[in-house]
Amino acid sequence: MSMNDLPILSALRSKMQWHQERQRVLAENISNSDTPNFRPRDLVEPKFDRAGTTVGGGMGTLPMMQTSATHMAASGAPDTFDNDRGKSGFQTRPAGNAVNLEDQMLKVSANQMDYAAVTSLYSKSLHLLKTAIGKG
């Protein structure tokens, strides 16, 4: 078994990939802050079991989601994007845009800190494994 095949390292890699994709989605929200009728999106955080494998599907699969009331509902598929649905207390602007820049910037900052923490944990785990086998 390769060191990279260990469940904990696989889970950490999946988490880093999720943070990278979330950064792209949040940047898209910010760049469309003046686009009429734009709704901000966010990714649902992956869940891991004790073995380090993702629960509820892999990172590469995106289940169907209903983006309009006129679309057919996705049967039993979990939401891929977490929508605010009016919980934040901010209203949509007259142009129909619902992006709150302060909220998006806070999410970007938190995402960057979480990515740095996961990256540090990943590199330290690799270093410990290399030390344990005598190559570090």
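The following exchange concerns two residues of helix α1 and a nonpolar core in a predicted model.

Colleague: Why is methionine 16 called buried?

Modeller: Methionine 16 has a relative accessible area of 12%, and buried means under 20%, so the residue meets that criterion.

Colleague: What makes asparagine 29 count as buried?

Modeller: The relative accessibility of asparagine 29 is 0%, which is set against the cut-off of under 20%, and therefore asparagine 29 counts as buried. Its place is in helix α1, and, leaving aside residues up to four places away in sequence, asparagine 29 touches Phe38, Pro40, Arg41, Val99 and Gln104.

Colleague: Which residues does methionine 16 touch, not counting those up to four places away in sequence?

Modeller: Methionine 16, which lies in helix α1, touches Tyr115, Val118, Thr119 and Tyr122 on that count, where contact means heavy atoms within 4.5 Å. For one of these partners, valine 118, the C-alpha atom is separated from that of methionine 16 by 6.6 Å, although the two residues are 102 residues apart along the chain.

Colleague: Why is the set that includes Met16 and Val118 called a nonpolar core?

Modeller: The term requires buried residues of listed types, Leu, Met, Val and Tyr among them, joined through side-chain atoms within 4.5 Å; Leu9, Leu12, Met16, Val118, Tyr122 and Leu126 make up the largest such core, six residues in all. Helices α1 (7-31) and α2 (101-132) each supply at least two residues of this core.

Terms used. Residues are numbered from 1 along each chain as its sequence is written. This is a predicted model: local features need pLDDT of at least 70, side-chain atom pairs count only at pLDDT 80 or more; totals for chains, interfaces and linings use all residues. Side-chain values use heavy atoms; hydrogens and water are left out. Buried means under 20% relative accessible area, exposed over 50%, partly exposed in between (1.4 Å probe, protein chains only). Helices (H or I, at least four residues) and strands (E, at least two) are DSSP runs, numbered from the N terminus.
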